[in-house]
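User: Hi! I am new to protein structures and would like to go through one step by step. Could you look at this one with me?

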Amino acid sequence: MNEAVQKERSLISKEIFGKVITALGKEKENIVVCDTDLMRCFGTKAFSEQFPSRHINFGIAEQNCMAAAAGLALSGKNVFASSFANFASKRACDQVSIAVAYNRANVKVCGLYAGLTAEKNGGTHIGVEDVALMRSIPDLCVIEPADTYELEAVTRFLAEYEGPVYFRQPKMYIRSVYEEVPDFELGKGVTLRGGSDAAVIACGITAGIAVDAAQLLQKEGIDVRVINMPTIKPLDEEIIQEAAVQTGRIVTCENHSVIGGLGSAAAEVLAGMKEKAVLHRMGIQDTFGVTASLDYQLKKNGLTAENIAAEIKGMLAD
């Protein structure tokens, strides 16, 4: 990764999303933004100022927001409706399931400050199970970009896409994975680097951590494949199957509970294969988040490049 690119590109989700959704609002009059008093976190203040008739702030009323978003979508709008990931997925779960997904309403449910990136907002605001909940809802896609370049690509894709989506966004990223806005294809994983000794499948902020782990192992002569999985549902089963056959060892890494998220999705694929591969799931180990910095919580949950590297070395030693 070019260091100059790293410094120039913002790692803050709201800064990129806010600029992109405002630009898209000029192009597409059907885009509506529904907020839950989180314009500062969603980056949508500029959108609200430029398009006041297409921005609705529901206040701290997530259930009302999602239900109304469904109604707007069924009247022909493409709605981006936001709340903290923890509240969008749990407090408004019934509305997302019945009002949005059951009706295949064109709502993009944006889960903000996802996982451990909610940091010092505290354990009550740290969503560790949102992917598990949203992944289980029929007809609802689940997307989590690897960096702000991919976040822009996904936002532009969703401005064209017709259908319900859970769009998981962290407060911030640790590093960029791409050097430019990539092509995004729903349901497709992306091989960030090749390798035959093991494969790491990651999404969101952990994609960059996985790349760093692979670079550490490369210095020791260990060749690790890194796969970015921005679409958790529908899942790219083929890329997982290929990695299983070609490496025999897979590590999943996610800013989410190991129960029900990317690791569980990968396990479901591997369980149906004739060829067997060892799977280790790294993530939040059946615990709530705590009131602390992202760096502290990543280390607490073993989500560091060093820990991923050690996990792979342990698999190779077995």
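User: Which residues does UniProt give for the feature "domain: Transketolase-like pyrimidine-binding"?
Analyst: Happy to help, and keep in mind that this is a predicted model. The feature comes from an unreviewed UniProt entry. Over that stretch the chain is 44% helix and 17% strand, with its end C-alpha atoms 7 Å apart. UniProt places the feature at residues 11-176.

User: What are the bounds of domain 1 and domain 2 in the domain assignment?
Analyst: Here we turn from the UniProt record to the domain assignment of the chain. The C-alpha centres of its two domains lie 26 Å apart. Across the boundary, 27 residues of domain 1 are in contact with 33 residues of domain 2. The bounds are 13-168 for domain 1 and 190-317 for domain 2.

User: What radius of gyration does the chain have, and how does that fit a compact globule?
Analyst: Along its principal axes, the C-alpha trace spans about 60 × 45 × 35 Å. For 318 residues, a compact globule would have a radius of gyration near 20 Å. The chain agrees with that, because its own value is 19 Å.

User: What share of the residues of the chain counts as buried?
Analyst: Let's start with the outside: the chain exposes about 12,700 Å², and carbon and sulfur atoms supply 48% of that area. A residue counts as buried when its relative accessible area is under 20%. Of the 318 residues, the buried share is 59%.

User: Which residues have the most contacts inside the largest nonpolar core?
Analyst: In soluble globular proteins, nonpolar side chains tend to be buried together. Here the largest nonpolar core has 65 residues, and helix α10 (residues 206-218) gives the most to this core, with seven residues. Each of domain 1 and domain 2 supplies at least three residues to this core. The residues with the most contacts inside the core are F80, L158, V200, I308 and I312.

User: Leaving aside neighbours within four places in sequence, which residues is I308 in contact with?
Analyst: I308 is one of the residues with the most contacts inside the largest nonpolar core. V200, another residue on that list, is also among the contacts of I308. With sequence neighbours within four places left out, the contacts of I308 are V200, I209, A210, A213, C253 and M282.

User: Is T155 buried or exposed?
Analyst: T155 is found in helix α9 (residues 148-160). Beyond its neighbours within four places in sequence, T155 is in contact with F17, V20, I21, L24, F80 and F167. Its relative accessible area is 0%, so T155 is buried.

User: How many of the 10 residues of helix α12 are buried?
Analyst: Helix α12 covers residues 262-271 and is largely enclosed by the rest of the structure. Its buried residues are L262, G263, S264, A265, A266, V269 and L270. What covers them includes α8, β8 (198-202), β10, α11, β11 (249-257) and β12. Of the 10 residues in α12, the number buried is seven.

User: How far apart in space are Q297 and E119, C-alpha to C-alpha?
Analyst: Q297 is found in helix α13, and a relative accessible area of 1% makes Q297 buried. Among the contacts of Q297 are L116, E119 and I126. In sequence, Q297 and E119 are 178 residues apart. In space, their C-alpha atoms are separated by 8.0 Å.

User: Y113 and D286 both have a positive phi. Which of them is buried and which is exposed?
Analyst: Most residues other than glycine have a negative phi, and most peptide bonds are trans. Y113, in the loop between β4 (107-112) and α8 (130-135), has a phi near 50°, while D286, in the loop between β12 (278-284) and α13 (294-300), has a phi of about 50°. Their relative accessibilities are 8% for Y113 and 62% for D286. Therefore Y113 counts as buried, and D286 counts as exposed.

User: Where is the cis peptide bond that ends at P234?
Analyst: P234 is found in the loop between β10 (231-233) and α11 (237-247). The omega of this bond is near 0°. The cis bond runs from K233 to P234.

Key:
Residues numbered from 1 in each chain as written. Predicted model: local features only at pLDDT ≥ 70, side-chain atom pairs only at ≥ 80, totals over all residues. Heavy atoms only, no water. Core = buried A, V, L, I, M, F, W, Y, C linked by side-chain atoms within 4.5 Å. Buried < 20%, exposed > 50% of the residue type's maximum accessible area, 1.4 Å probe, protein only. Helix = DSSP H or I, 4+ residues; strand = E, 2+ residues; numbered from the N terminus. Domains from an automatic or database assignment. Contact = heavy atoms within 4.5 Å. UniProt positions renumbered as here; feature names shortened; annotations may be inferred. Rg over C-alpha atoms; globule rule 2.2 N^0.38 Å. Areas by Shrake-Rupley, 256 points an atom, 1.4 Å probe, with all protein chains shown as cover.
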